[in-house]
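Please open the model in your viewer and set it to a cartoon display. This tour proceeds by selection, one stop at a time.

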Amino acid sequence: MPTTSPVTVGRAAETSLLRRALTRLQDGVGCSVFLVGEGGIGKSRLVDDCADRALAAGLPVLRGRSSTTGADTPFRPLVEALYSCFHAGGPPGDPELIPYRPALARVVPEWRSAAVPGHAESVVELAEALLRLLAVVGRVSGPVPDGGSDGRSDSTSGGASDGGPGPGSGRAPGCVLALEDLHDADAETVGVLEYLVDHLDRVPVLLVATLRPESGDALDLVRAAERRRVASVASLPPLTTAEVGALTAGCLGVPVGAVPPALVGWLGGRSGGNPYLAEELLAELVGSDTLRQDGDRWRVTGDLAATVPASVVHGCGHRLGRLATPVRELLLLAATLGPRFSADTLQLVTGDDDPRLFAHLRAAAEAGFIAPDPGTPEGYGFRHAIAAQAVLESVAPAERAALARRAASALRKAGPPYSVDQGQLVAQLLVTAGDHPGAALLYAEAGRRALADGASASAVRLLERASELAAPADRTAVTESLGYALVEAGRLDHALALADALPTGCAAALSPEREVALRTRLAWAAVVAERGSDTVAQVAAARALLGDGAPPEQTAALAVVEGHLALLPGRQDRVDDAERIARETAEAAERTGPPVLACQALQLLALLARERGFDAADACLERMLAVAETHGLPTWRFEALLRLGANAFLRTGDARRLEQAGEAARELGSIARTQHTESLLAMNAVLRGDPVTAGAIVERWLDTSLRMGNLATHRYLRLTSATLAAHRGRRREMERELELFRQAGGMGSVLTPVALGLCRAVCALLEEDRAGAEAELAATAEWEARHPNVFYLSGRYGLDPLLAVLAGRAGWEEYAALAAAPGAELAWNGRFLCLARAVLLGRSGRGEEAAALVEDLAPGADLFPTAHRLGLRLVSEAALADGWGDPVSWLRSAEEYFHGLDVPSVAGACRALLRQAGASVGQRRIGRERIPAALRERGVTPREYEVLALLVDRPGNQDLARRLSISPRTVEKHLASLVQKTGTPDRAALCRLAAELAPDRRRP
């Protein structure tokens, strides 16, 4: 007789916690709840109750479970969860998910397409994609009718009358992700959950997860989340004796008073307050007729201690013995396969036809041992993992080993190729059967497959298990694979130690070719990590193995690694040798292969050649692109397009190649690469005077890049945002973004000169602070002298020479030296250098040539509109002083532009220069409608409001006068008037008032 309680007993606090979490979803706030407890303590029942309530409220529920036989199967519970929601209709078609579909296809292969193959560069990318998917699922699911999703009453479906979201009032936002048995989860799943836990407060998603308090990655995650207060953790205690009595009454279908007190005490003591064990013991008592129903009461008919087995194991043995032999054998084989199993796998082991198999499964279910698994087609599971363990332990170890051998033999005859889960299942069966070497080979193969799929953490665990079990003759090959997996998992130190411990000079040693390949991979990892000494050591070890008769491709691969050392700090003396080696390697690899080596060499060659000019670098990249496309290397194709696009953007402002790179990143399914490419497009938009496009890109990826740990791109986006503010003369916004850039490590990075020269210096010029701009450019030059780099937009090759020429600090000789540098090829720099040449020509009495140079820039004015008009404003001073060109029309163009851009300092300076030239000047003042109503009522004039607005930055009177092109005395008059009209006591109070008004007005 199956004996289970129809109600949840003794879990009021945990139930209340879950109901509150569901209620929070109505406010759009997600959270995580972890239920921790021993097997059978009631975790799954709480999840069932939560799922019922969510469904009744119209919330989608995605459910998945880990498995002991698939503990190293990447993303097993997440795959089940997604299938539970999308197996019929496929993924949502929301356009917001398009960039994330390839990453999601990594866990649901059916979502892959030929155009966009499933791939994710990292667990973080998949986690971000899943976060976006869950947000969309919670947003697009429709409402449910009154009465709940399945028509059940509150008493059975967990209605929300007690505070949870209820049906009938329109669907609350959000969804529920329920994952069970995380103690058996793979490392990749734990990594995804760690990311979700930290960011669910941003989306209406409730994560409910269960696990046992067993040491491992999952419990570490839960404890860390609890310490950081980003998750709620409920540790389920045993039931009290009174609660065991309520549970017993529910199982027997009688009031608590109708249960014999002696029975309650005995069950509570024997079960230790574990609900599942109490139910199992009760089922044994009823089945053995020790407990009988007598009317509306139950009575004990024998000696509990004498007639009931001492453990559930013995009880399961007795219950098994009462089943028909075929059903008993089926259950034993099923338990050998694990707590959960598929009918298909069981059929392979038993050899039964469909009618016989399902008849036996029904009998086992009716006996209360197993039940169909609603989350998996063809799936079944024991009522609890304890039940499967008890079934197995009811037979002798020799019989268990024989069962495992039988199951493994049947599955091996049916394969390979095995599925990922099936291969690990066979390996586990072989361990039980005592065939450790055979199991090691299967674990090793599973590890290599996991590594090929990008699940490096699972690959490491599988290969470490294989290494423990492997025969001596197989252990070296397993160690080799483990070394590669450790590198991919970011555990370089462990990988290096493992390589150094490889056997040498014996039959178990790797062949020289294979060890050289491993050493070369380790050297690549070391050079990428900027660990020069480790790189040198691995290259030396590889060369010692190669000897004199080394294959050319291996020698070349090592040479390219060594060439990358020249890019590390302090190794610039090796550039010439590195370039020669890279050129020779690229030419040889293009002729005979391998193509990846050709791409590596050409990429290095392009980086080294850039110092001589962009034509040479682009020629290398075009060759790299051709090799990648010819040999079908999509990752290397993206790398070539990205670098070609960046160069084209710098040289001409043309972003089409960068857009091609972005499409290639999306085809790869790489969110990180997409972010990186779009960050470059955002900076391109800033320089091209397109703040809308730049702002949209920054907003789209800024928070996401930080969540994903893509810090390099996050820093660049912060710098782009700061540059956007700087190029609109908004110092406070610029400084705020630069501070966030600094906090992200930006001011210690190679982006420092860009922050100083392209950002701060330009902002100073838009404030008419020429001395401030020159100071920023001097700081840029000082930094670059200590840190050679190839960021050519820092001002060194454009803006700085123009200001130096205007100030008389530079002449023809300095100009000629800079004009010959590669940085002069860039369109942004070239514009300022051209104006510098025009100023030098004008001073030399060659006014017509100077004017022609400035006019030649006019057709490209819209390419970099801010740079063009700023250049006109700067060069007009020299033109007026030296009497050449058409400075009046240039100043009118600049004044019109900067007035429209709301940069009053430059616009005012242009008007002052026009007056100096004797030209008519129309007044440009902020309209009365833009003055806050309270200030208008007090009589504040447009010019006074202009002064007040600039007080946000607390400038001095001289600075205010310069920025508004008025005299300091006039500034004093406006300030005195403002103090009187606003009723403020002094200038400091005026500054505070300006700061208070700043968020509510458009910055002048």
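The stops below begin with the whole chain and then turn to single elements and residues.

**Before starting**

This is a predicted model, in which local features need pLDDT of at least 70 and side-chain atom pairs count only at pLDDT 80 or more, while totals for chains, interfaces and linings use all residues. Residues are numbered from 1 along each chain as its sequence is written, and side-chain values use heavy atoms, with hydrogens and water left out.

**Stop 1: the whole chain**

Select everything. The secondary structure comes to 49 helices and 10 strands; helices (H or I, at least four residues) and strands (E, at least two) are DSSP runs, numbered from the N terminus. Of the 1004 residues, 54% are buried. Here buried means under 20% relative accessible area, exposed means over 50%, and partly exposed lies in between, with a 1.4 Å probe and protein chains only. Among contacts (heavy atoms within 4.5 Å) between residues at least 6 apart in sequence, 67% join residues at least 24 apart.

**Stop 2: the five-stranded sheet**

Next, select strands E1 to E5. They form an open sheet of 5 strands with parallel pairing, in the order E2-E3-E4-E1-E5. Two strands pair if DSSP finds at least two bridges between them. In general, strands of a sheet pair through backbone hydrogen bonds, either parallel or antiparallel. At the edges lie E2 (61–65) and E5 (232–235), each of which pairs on one side only. Neighbouring strands are turned by 15° against each other on average, direction ignored; axes are lines fitted to C-alpha atoms, for helices over the stretch in contact, and angles run from 0 to 180 degrees between N-to-C directions.

Now add the helices. Helix H3 (residues 76–86) packs on the sheet and touches E2 and E3, its direction making about 145° with that of E2. Helix H8 (residues 217–227) lies across E1 (31–36), E4 and E5, and runs at about 120° to E5.

**Stop 3: strand E4**

Is strand E4 buried or exposed? Because 7 of its 7 residues are buried, E4 is largely enclosed by the rest of the structure. Show its side chains: Val-205, Leu-207, Ala-209 and Leu-211 point one way, whereas Leu-206, Val-208 and Thr-210 point the other way.

Then add its partners. E3 (residues 175–180) and E4 (residues 205–211) pair in the parallel sense over 5 bridges. Along this pairing, Leu-179 has Ala-209 as its bridge partner, and Cys-175 stands opposite Val-205. With E1, the parallel pairing runs over 6 bridges, and Ser-32 has Leu-207 in E4 as its bridge partner.

Include helix H7 (residues 187–199) to see the connection: E3, H7 and E4 make a right-handed β-α-β unit. A crossover is right-handed if, with the strands pointing away from the viewer, the path from the first strand over the helix to the second runs clockwise.

**Stop 4: helix H9 and Ala-249**

Select Ala-249, which is placed in helix H9 (residues 241–252). Ala-249 counts as buried because its relative accessible area is 5%. Setting aside residues up to four places away in sequence, Ala-249 touches Val-254, Pro-255, Val-256 and Val-259. Add Ser-5 as well: Ala-249 and Ser-5 are 244 residues apart in sequence, yet 8.1 Å apart in space, C-alpha to C-alpha.

**Stop 5: an aromatic cluster**

The structure holds 10 aromatic pairs. Rings of Phe, Tyr and Trp (its six-membered ring) pair if their centres lie within 6.5 Å; planes under 30 degrees apart count as stacked, over 60 as edge-to-face and the rest as tilted. Select Phe-341 and Phe-382, an edge-to-face pair at 6.1 Å centre to centre with 65° between the planes. The pair links distant parts of the chain, 41 residues apart: Phe-341 is in strand E8 (residues 340–342) and Phe-382 in strand E10 (residues 379–382). Phe-341 is buried at 7% relative accessibility, and Phe-382 is buried at 8%. Adding Tyr-380 completes the view, as ring pairs link Phe-341, Tyr-380 and Phe-382 into a cluster.

**Stop 6: two loops and a cysteine**

Select Glu-768 in the loop between helix H36 (752–766) and helix H37 (770–786). Although not a glycine, Glu-768 has a positive phi of about 60°, and its relative accessibility of 12% counts as buried. Asp-902, in the loop between helix H43 (887–900) and helix H44 (904–916), is not a glycine either and has a positive phi of about 65°. Asp-902 is buried at 10% relative accessibility.

Finally, select Cys-759. The structure has 0 disulfides, a disulfide being a pair of cysteine sulfur atoms within 2.5 Å. For Cys-759, the nearest cysteine sulfur is that of Cys-763, 7.2 Å away. Cys-759 is buried at 0% relative accessibility.
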